[in-house]
Amino acid sequence: MHLHRYRSRLAAAAAVTAVVAGGGVVAAHDAAAATGCSVAYSLATQWQGGFTANVNITNLGDAVGSWTLTWSFAAGQKVTQAWNAGTSQNGADVTARNVSHNGSIATGATASFGFNGSWSGSNPSPTAFTLNGTLCTGSPTSTPTTTVPGTTTSGPTTTSGPTTTAPPADNPGWGRSLPPPDARTSMAYDLVVTGSGYTPRSGECSREVHARYWTYGPDGKVYPTWHPPRDASGCAFGHEHGDDPRTSDLFAASKWLPFGYTSEVMMSANPGGAHRHEDHVGHKVLSVNNSNVIQGDNGTSFFPPQGATIAVCDILLKFHQGTHSTDAFTNNVHELIYRNRCSHNDNGQVSEAAFTALIPNGRPGGFGATDCPGPNLGGRFTSVGPAVPADSPSDTRSLGRLITDAGCVQAIREGKTHYEVISGREVPFDTNDLHEFWFSDVSVSTSQLSFSIAPLFYVLNPSRYYDASAPNKLARQVDLCYENIRGDYCDQVRRITQQTGQRVAWDDVRSPFKGTLREFRPGTFSVRNSGPTTVYTDVYGRNASTTPFTGSVQQYFSGNHAPVQMYVRGSTKDYNANAADQIHAPN
């Protein structure tokens, strides 16, 4: 999965600002119109080969309803990711267009967007901008204007005005219709609509079809949500989001889960600060009903122990786990939407939690080692670079993100062995060991509340591994199959090449390395609450309060059962079981 990382600030970098002033707001009719603008281009941070820039457009002329800003890079820089704008690039020439919520700029008002870019050699700031086709010259003028030809995309058109009535709690047109024209849309939805969040291949479902799968978030904005791997029309999306949430016994209360809600809260509370917008394909849903919690189970054994059932739980969660890009090499916070309701067998009491946050998975700036080559999970930490956001909290209670690196590949080449729990014997490492474990340990507490969970998200067939010697330190597992690496996955790849004469690429539908074979364990669960069931936290699940505050997320915790060890097992599934779904990396 490619995680769109929208960096707006890193603490280590000094901001370099280039301010370019000029005129050039073009009206939509032939008339004398006051035009003018200024553009502030801020280099927020720069690292070897990459940078983050913020752009502020101030309208000095008549109000405009939409905008297109263009400029040219002088040293071969490339825009790689953008937020609050849709971008395209042809050689040195860059075009940025407004998204639904920031198209209108009143006189004297400002529209802002930002982007990540790549560079080599040097990274000079642009020196000239044009707005709506006219070069900015630095002062308001009255000039005849002409209509700017409209552009069309395969995505729907939305507007950013406030809704005239409170939005419904659900979307009855899910999968069949677009949001109402006056609906406010989230950044997560805009990214899907403008194409940077979903770029269909030939034959896959169009952006317009994809945009029909939406829901309202707690803030009344439109968000993308779960959709099946294939639309009812028969087209495939090329990615999957895990379990259908409608199968959950909690769906009646939870409804559709809004993907990217915490990122929207972060951006809205601090527009000029750190932002995090995770890619659409990485959102994965788990739905498990009537999961037995076994007395004495602490999750350390591969299989649950024999014992009495102490509780029965229904779980519906969504976690964002990317296993194809460089993102998780440094970035440790990922969105979790967690719903759990457990009935205790001893007295019938119910413990329940509805918790949403960007949870830390280990330490920022790097990752831990898997059991390949071992000997222990998390025994070694690899520092890679600064995390985004720069204030990402650290989780030191869990093992964090454990990602395969080149040391595992070398262990496979050398024929090293390890103890396999299922077979009970020493076996050689192979492609089945190119896996990732993501642990977390999350708690929320007040004087009346104690809530804690420790989930595990395990992917058996990611498409990437870390190699410090590779470009961007990113290497592809499927490429190892052409280096005589042992294992069932590579045997599949080599058979395809032998039969077709074609090399299987990392994002080929035929590649088995696509992040679809997953074990999600909700893990330990505890909630004791003698106070209000509604609590507010920041986007990281911290700073709990019984009253809302700027940038807060509403949480729900109910139950006050006596302390008891509870471990919820979840499930293991292969979400690529149906070949007709045509799933491929990034997924």
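The following questions and answers concern strand pairing and salt bridges in a predicted model.

Reader: How many of the eleven residues of strand β26 are buried?

Author: Strand β26 covers residues 449-459. The rest of the structure largely encloses this strand, because the buried residues in it number eight.

Reader: Which residue of β26 stands opposite W438?

Author: W438 belongs to the pairing between β24, residues 436-439, and β26. These two strands run antiparallel and are joined by four bridges. Opposite W438, in β26, stands F457.

Reader: How many residues does the hairpin between β25 and β26 pass through?

Author: Strand β25, residues 442-445, pairs with β26 in the antiparallel sense over four bridges. Within β26, S452 is the residue opposite S443. The hairpin that connects β25 to β26 does so through three residues.

Reader: What is the bridge partner of I453 in β29?

Author: Strand β29 spans residues 517-529 and runs antiparallel to β26, with ten bridges joining them. The partner of I453 in β29 is F525.

Reader: How many salt bridges does a search of the whole structure find?

Author: Side chains of opposite charge can pair when their charged atoms come close. A salt bridge is counted here when a side-chain nitrogen of Lys or Arg lies within 4 Å of a carboxyl oxygen of Asp or Glu. Over the whole structure, the search gives 23.

Reader: Are the side chains in the salt bridge of E208 and R212 buried, or partly exposed?

Author: The N to O distance in this salt bridge is 2.7 Å. Buried requires under 20% relative accessible area, and exposed requires over 50%. E208 has 24% and R212 has 22%, so each falls in between. E208 is therefore partly exposed, and R212 likewise counts as partly exposed.

Reader: How many residues apart are E264 and K221?

Author: E264 and K221 form a salt bridge in which the closest N and O atoms are 2.8 Å apart. Both residues are buried. E264 sits in helix α4, residues 261-269, while K221 is in the loop between β13 and β14, so the pair links distant parts of the chain, with a separation in residues of 43.

Reader: Which strand holds the salt-bridge partner of K318?

Author: K318 is bridged to E335, with 2.7 Å between the closest N and O atoms. Both K318 and E335 are buried. K318 lies in strand β16, residues 309-320, and E335, 17 residues apart from K318, lies in strand β17.

Reader: Which residues are joined into one network by salt bridges that share partners?

Author: Shared partners connect these salt bridges to one another. The members of the network are E240, K284 and R518.

Notes:
Residues are numbered from 1 along each chain as its sequence is written. This is a predicted model: local features need pLDDT of at least 70, side-chain atom pairs count only at pLDDT 80 or more; totals for chains, interfaces and linings use all residues. Side-chain values use heavy atoms; hydrogens and water are left out. Buried means under 20% relative accessible area, exposed over 50%, partly exposed in between (1.4 Å probe, protein chains only). Two strands pair if DSSP finds at least two bridges between them.
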